[in-house]
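Subject: Structure handover

Hello,

Here is the structure we spoke about, with the sequence alongside. My notes follow below it.

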Amino acid sequence: MFLIKYIKEVFGAVKSLAIGMRRTLSYFVRPKEIITQQYPDERPVIAERFRGEVVLMHDENNEHACTGCTACELACPNGTIKIVTKFDTTPEGKKKKALDTFVYRLEMCTMCNLCVEACPTSAIKMDTAYEHSVFDRNKLTKKLNNEGSKIRSGVE
Amino acid sequence: MTAYQITFYGIAALILVTGFLSVTTRKIFRSAIWLLLSLIGVAGLYFWMEVEFIAAVQIAVYVGGIVVLIIFAVFLTQQSGNEMPKAPPARTLFAVLSALFGMAFSIYIICNIKFPVRNEVLDASVSKIGTAMLHTGKDGYALPFEVVSILLLAAMVGCIVIAMKNPGEKIDEKIINHP
Amino acid sequence: MWSLNEIVKSTDLKLNELFKPGMVFFIEAIIVALLAISLFAILGLVLVLMERKVSSFMQVRLGPNRVGPKGMFQTVADTIKLIVKEGMTPDNADRFLFHLAPFLVMIVAMILLAPLPFANGFQIWDINIGVLFVSAVSSVSVIGILMAGWSSNNKYSLLGAMRSGAQIVSYELSAGFSILAIVILSGSLTFSDIIQSQANGWWLFKGHIPALIAFVIFIIAATAETNRAPFDMAEAESELTAGFHTEYSGMKFALFFLAEYVNVFIVCAIGATLFLGGWMPLHFGDNTTFNHVMDYIPGIVWFFGKTFFLIFIMMWFRWTFPRLRIDQLLNLEWKYLLPISLINLLLVTVVAISGWHF
């Protein structure tokens with residue numbers, strides 16, 4: 001009785017090992033199925049919802065939708081965003097708060113998307129760019145609004 | 001002096017020097033390693049005499065088996081990494097005296113025995129050794145062979161008895177799982 | 001026909017014309033040493049690359065592919081990196097033994113090369129106890145590992161060395177028994193005789209099922225004796241960082257690494273010689289036409305082909321099976337492999353005495 005169990009055990013072990021070896025061999029003899037992407041040569045396909053960095057959207061007239069309300073700055077858990085505001089004079093002669101510099105520190109951002117959700121005018125969004133390496137970490141502190149850009153008319 | 005003789009003296013010097021070092025070093029692991037080199041030297045001497053079978057057995061049994069066991073025992077002893085204290089002078093003196101006495105005794109015996117000179121070539125082939133081992137007539141070693149095998153069997157049974165767990169005795173599962 | 005045997009003989013004759021016999025021996029020893037060292041270097045480069053490529057294909061990866069065409073010079077680059085690295089010695093290490101250990105492991109691997117027949121008549125030393133010599137000398141390599149583990153003054157190294165010692169000492173038994181099976185069948189311990197006895201078919205086919213069982217046990221025991229996964233308890237990365245060579249760096253580490261691969265080559269070469277006929281071409285009984293065609297392939301190609309096939313099988317094991325625990329490892333040897341190989345030895349004896357093999 002013991003002997004039968006012993007022999008069964010040995011054969012069961014050999015069989016299960018053979019199943020495992022067949023699996024690896026099947027991969028070995030089909031080198032075409034390799035899933036490695038050779039990154040700098042082959043660009044990976046990035047999903048649209050991928051969060052790479054925060055961008056401030058500008059249209060063709062170099063206008064953006066940011067009112068400088070600092071809702072994103074308040075929403076950010078890490079203090080990644082710093083909004084510097086200025087006062088513009090409207091054509092009617094009234095003083096109005098407007099965006100001066102949108103400072104974004106990529107090194108501190110965790111891509112949590114809270115700033116995008118907090119924005120009342122949908123001025124910012126998450127971009128899919130992912131190659132952020134630089135030689136100087138100061139370059140990771142970015143100014144998101146373009147030079148000379150202004151707020152799109154009609155956005156309050 | 002021919003190359004043959006130079007080889008002999010080289011091997012002999014290796015055996016003696018490493019043997020001396022193995023008893024004088026104060027680190028126990030090094031002592032085991034010197035012993036190992038000494039035993040390898042003895043195997044080399046057998047190769048020099050062209051009795052390859054004995055040489056291979058010397059390596060397999062002494063170097064591969066016994067020295068490994070000694071090293072394991074050294075690993076398991078406490079404070080085996082420290083240097084051992086110097087032996088008291090009286091002990092050193094008696095050790096030297098007994099070694100000298102042993103050496104003198106061996107030399108005396110070797111000098112007094114007349115080694116017969118034989119001209120025929122020694123046939124130390126494996127098949128010859130095997131046949132002699134199982135031969136019951138003259139020049140046969142069947143009886144010693146069997147006696148040694150029974151001795152080894154008894155030793156093996158003894159090992160199993162010592163290592164065997166008492167079937168009634170249960171291992172505390174808690175200790176194994178949560179040390 | 002072109003053969004290595006002729007080259008060896010003609011070189012010997014040429015040297016004998018030019019020099020005295022003593023000088024000839026000296027020159028030939030130097031030539032053999034140079035050949036052995038260059039074989040080691042090439043083996044190290046080729047086997048490491050082969051391992052990385054095989055592992056990557058089995059894991060649906062590409063493996064090294066940047067240095068040289070298809071990554072062929074990757075190991076050369078690695079070697080250069082290892083040579084320029086600093087060799088460090090830990091504090092309180094036993095310096096003498098620490099430096100001696102990698103050389104001891106390497107020397108044992110070199111001595112094991114001596115009785116291997118690479119082709120017909122192309123063998124360093126056709127010693128009359130070839131198989132016994134190999135199994136005796138291979139047991140010395142464990143001492144190098146124990147020495148390295150002890151002298152590093154590191155508990156991981158020591159644990160790795162002790163595991164390795166227990167493993168090698170126990171698996172030597174079943175490896176020895178499976179080798180003995182072939183010795184019984186061929187009736188000789190000499191490598192050249194064992195190969196000649198396979199002129200009409202390899203022992204793997206001629207010896208029926210007992211030879212097959214012996215072959216499987218030999219492969220398992222050889223994998224364990226060379227400390228390779230799934231038996232890499234000695235250097236289990238996830239448990240012991242690197243086991244006995246944790247503290248080694250630079251060229252001394254490279255020596256351990258090289259010795260591991262050379263040992264793999266040697267055990268596979270022994271397996272190929274004993275079970276697959278070494279340099280003997282594939283022959284089937286008295287089928288003369290088939291045998292004649294096979295004879296056109298030179299012996300050294302057969303030898304290296306068979307050896308690399310066995311090496312591939314060992315790599316296949318490594319990248320398929322998970323590592324065993326130390327108690328499972330010893331269970332496998334003492335409760336399964338050893339009893340099976342003992343009974344198998346009995347079966348082989350019955351087959352050999354009653355002449356059932358072809």
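Strands, as used for the hairpin below, are DSSP runs of E with at least two residues, numbered from the N terminus, and two strands pair if DSSP finds at least two bridges between them. Please note that this is a predicted model.

Chain A first. Strand β3 (residues 81-89) and strand β4 (residues 95-105) of chain A form an antiparallel pair with 9 bridges. In that pairing, A:Phe87 sits opposite A:Lys97 of β4(A). The hairpin they make has 5 residues between the strands, and A:Gly93 adopts a positive phi near 90° there. β4(A) also pairs in the antiparallel sense with strand β6 (residues 141-143) of chain A, over 3 bridges; here A:Arg105 is opposite A:Thr141.

The domain assignment splits chain A into domain 1 (2-33) and domain 2 (53-151). Their C-alpha centres are 59 Å apart.

On the chain contacts: 2 pairs of chains touch, and chains B and C have the most contacts of these. Chains A and B do not touch, their nearest C-alpha atoms being 17 Å apart.

Between chains B and C, 23 residues of chain B meet 24 residues of chain C. The two chains bury about 2,100 Å² between them, with 86% of it on carbon and sulfur atoms. The rule finds 0 salt bridges across this interface, and the count of residue pairs in polar contact, both at pLDDT 80 or more, is 0. On the chain B side, the elements giving two or more residues are α2 (28-48) and α3 (52-76). α3(B) gives the most, with 13 residues. That side of chain B divides into 17 nonpolar, 3 polar and 3 charged residues.

Regards

Conventions. Residues numbered from 1 in each chain as written. Chains lettered and ligands numbered in written order. Predicted model: local features only at pLDDT ≥ 70, side-chain atom pairs only at ≥ 80, totals over all residues. Heavy atoms only, no water. Contact = heavy atoms within 4.5 Å. Helix = DSSP H or I, 4+ residues; strand = E, 2+ residues; numbered from the N terminus. Domains from an automatic or database assignment. Buried area = accessible area lost by both parts, 1.4 Å probe. Salt bridge = Lys/Arg side-chain N within 4 Å of Asp/Glu carboxyl O. Polar contact = N/O pair within 3.5 Å; in protein donor to acceptor, adjacent residues only side chain to side chain. Nonpolar A, V, L, I, M, F, W, Y, C, P; charged D, E, K, R; others polar.
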